[in-house]
Each structure stands twice: as C-alpha cells, then as structure tokens.
Amino acid sequence: MKLIDLHCHILPGVDDGAKDQTMALKLAQAAVEQGISHILLTPHHMDSHYLNHKKDVIEKTALFQRALVSEGIPLKVFPGQEVHLTGNLLDAVLTNDILFMDAGNRYLLLEFPHNEVPEYAEDMVFELTSRGITPVIAHPERNLGFQKKPDKLYDFVKMGCLTQLTSSSYMGVFGDKVQELTEKIIKANLGFAFASDAHNFEGRRFMMKEAFEKLVEREGSAVAEQFNLNAKNILNGEDVDTSDVKRVSNVKRKRFFGLF
Ligand SMILES: [Fe+2]
C-alpha cells in the first residue's frame, strides 16, 4: 500500500519545518523510504508566527516538485496549508488566500489553538460547512480541549467535520495520554486518516509506516486500507463516510485477563 500524507512541513524555508532545500530533500527521501508516494505540503498559515500565502505556497511547491524530479525522488507533492483557526478565517476564504486539501476547495485542514477548543469554533464550523467547506481537524488528540472533553470531537464530526490523527501520536511520541486518546478516537471511528505532521529528523518524524503497521495489528488491514483511502478521497475532493461514529466515552476499555 502506497501511503498518502495529508499534513507535513517539509516545504523548505517557510515555517518551523525543513530549514532549507537540502534538508527538505532528505526528508522527502525519508518519506519515500516510509512507503509514502503523495504528500500534501501544509506550511502553517495564520498562526501567531507564520503567514504562508496561497500564491507563494503554489509557486514554492512547483519549484520543490521540480527539485524532487531532478534528484530522482519518486514523490508527488501538492500545495496546501495548515490553517490556524482565527476570527479572520472567513476573510481569508473570501479573499482567496486559503489552500484547500483538494483542487475543488472542499476540504480545509484546520488547526485549533493547542490549549483549547475556542467558544467560537462551533460558529466558525457552521459558517464553513454552510459554504460547502468540510473542515478536517488537524491532530485533535493533541489539543487540550479535546483531551479534557473527548466527546466534543463527536459533536464536531456530527457538525460536518473530519479529523486527521498524527501518526507519531499513535506511536507514543507525545506521551501516553495522547497515545491513549488517539487509540480511543480510532476505536470510536472518529479518526479518518493518519498524517505525519513531519517537521524534522528529531522529534517530529514521519512514523507513517510504524503507525500503519500498528493499525493493521490492532484494528485489521481493512481499517488501515480505509484510512489511506480516506486520505486519497480527501485529496481528490470525494466523499468520506462518517456514518459509523461513536462517542469516545462509549468506547469500551479493553480488558486483559491473566491466564491464571
Ligand atoms: Fe502541522
């Protein structure tokens, strides 16, 4: 199975990801070694540190794709943004400064502030969904608001959102609590795809191969294939099924009984 990565910071020199082209090409090579064939490049946009305008990301992605081809790295990249949730989001949509995850402007990779789910998030989701836009919530398992009240995630999916889980969260890189919540979100069918959110070779690596191997082991190959198919459908602007979701609080804890 060739993997699709929907969230990644390897476009060189635009945010806190790859510093320069040399590092970006090494990260791209690492992605290929993980079995990744397609990457949506999603530099931070409209958070407190970075503005990466649509036009610039499109140009830089085309340049990076050319560099990949000339280096013989078999990776297809697409321009995207990790869009931070702010009160200005609708303005950016209206002024055409948002890159969606698909060419048809349906799916929007949306990052909530790390420490909370803001009060106005529901209104913003309503404004977006009523315009035919589906927010894909980036790494909800790492958000303190969802950690405190995981069932909020069910509510957001019922409002029309999808989610994307970070592969390294599932592998425990962000600690036990984040790992456990990731596992529960998956059990509740509230996780739709893995993405790496890769930034570098230290803490923020790809780990897609490892996460998919664990997903096959824990949930079976059909679930793993569905995750990758969902990622493909998001990139292509096609439907993703959300009909089977459960509240996280309804997920039964696995009990382990000893042999004696
Ligand atoms: Fe990110």
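**Exercise 1. A backbone angle in a loop**

In which loop is the place of N189? State the sign of its phi, and classify N189 by its accessibility.

*Solution.* The structure is a predicted model.
Step 1. N189 is found in the loop between α8 (176–187) and β9.
Step 2. Its phi is positive, about 60 degrees, although N189 is not a glycine. Most residues other than glycine have a negative phi.
Step 3. Buried means under 20% relative accessible area and exposed means over 50%, with partly exposed in between. N189 has a relative accessibility of 27%, so it counts as partly exposed.

**Exercise 2. M207 and its contact with S168**

Locate M207, give its phi, and decide whether M207 is buried or exposed. Then describe the surroundings of S168.

*Solution.*
Step 1. M207 belongs to the loop between β9 and α9.
Step 2. M207, which is not a glycine, has a positive phi of about 55 degrees.
Step 3. With 11% relative accessibility, M207 counts as buried.
Step 4. S168 is part of helix α7 (residues 167–170), and its relative accessible area of 2% makes it buried.
Step 5. Leaving aside residues up to four places away in sequence, S168 touches V173, F174 and M207.

**Exercise 3. The three-stranded sheet**

Work out the strand order of the open sheet of three strands, identify its edges, and say which helices lie against it.

*Solution.*
Step 1. The order is β1-β2-β4, and the pairing is parallel.
Step 2. β1 (3–5) and β4 (76–79) each have a single partner strand; one side of each is therefore left without a neighbour in the sheet, and these two strands stand at the edges.
Step 3. On average, neighbouring strands of this sheet are turned by 15 degrees against each other, direction ignored.
Step 4. β1 and β2 pair over three bridges, with L3 opposite I36 in β2. Strand β2 (residues 36–41) and β4 pair over four bridges, and L41 stands opposite P79 in β4.
Step 5. Helix α9 (residues 208–219) packs on the sheet and touches β1 and β2, its direction making about 120 degrees with that of β1. Helix α10 (residues 221–235) lies across β1, β2 and β4, at about 50 degrees to β1.
Step 6. Five of the six residues of β2 are buried, so this strand is largely enclosed by the rest of the structure.

**Exercise 4. The six-stranded sheet**

Which strands are the edge strands of the open sheet of six strands?

*Solution.*
Step 1. The strands follow the order β3-β5-β6-β7-β8-β9, with parallel pairing.
Step 2. β3 (44–45) and β9 (194–195) are the edge strands, each pairing on one side only.
Step 3. β3 pairs with β5 over two bridges in the parallel sense, and H44 stands opposite E82 in β5.

**Exercise 5. The iron site**

Which residues are the protein donors of the iron ion, and how are they spaced in sequence? Classify the arrangement.

*Solution.*
Step 1. The donors are H7 (NE2), H9 (NE2), E82 (OE) and D197 (OD), at 2.0 to 2.2 Å from the iron ion.
Step 2. Their spacing in sequence is H-x1-H-x72-E-x114-D.
Step 3. H9 lies in the loop between β1 and α1 (21–33), whereas E82 lies in strand β5 (residues 82–84), so this pair ties together parts that are 73 residues apart in sequence.
Step 4. The angles subtended by the four donor atoms run from 84 to 170 degrees, which makes the arrangement irregular.
Step 5. H9 is buried, with a relative accessible area of 1%. E82 likewise counts as buried, at 1% relative accessibility.

**Exercise 6. C8 and the nonpolar core**

Describe the setting of C8 and relate its contacts to the largest nonpolar core.

*Solution.*
Step 1. C8 lies in the loop between β1 and α1 and is buried, with a relative accessible area of 1%.
Step 2. Beyond residues up to four places away in sequence, C8 touches several residues, among them I39, L41, the iron donor D197, and F206.
Step 3. The largest nonpolar core has 85 residues, of which I39, F64, L89, F194 and F206 touch the most other members. Its largest share, eight residues, comes from α1.
Step 4. The contacts of I39, counted with the same sequence exclusion, include C8, A31, L75, F78 and F206.

Notes. Residues numbered from 1 in each chain as written. Predicted model: local features only at pLDDT ≥ 70, side-chain atom pairs only at ≥ 80, totals over all residues. Heavy atoms only, no water. Pairing = 2+ DSSP bridges. Axes fitted to C-alpha atoms, helices over the stretch in contact; angles between N-to-C directions. Contact = heavy atoms within 4.5 Å. Donors = N, O, S within 2.8 Å, 3.2 Å for Na, K, Ca; no water. Tetrahedral: all angles 85-135°; square planar, octahedral: opposite > 155°, others 65-115°. Buried < 20%, exposed > 50% of the residue type's maximum accessible area, 1.4 Å probe, protein only. Core = buried A, V, L, I, M, F, W, Y, C linked by side-chain atoms within 4.5 Å.
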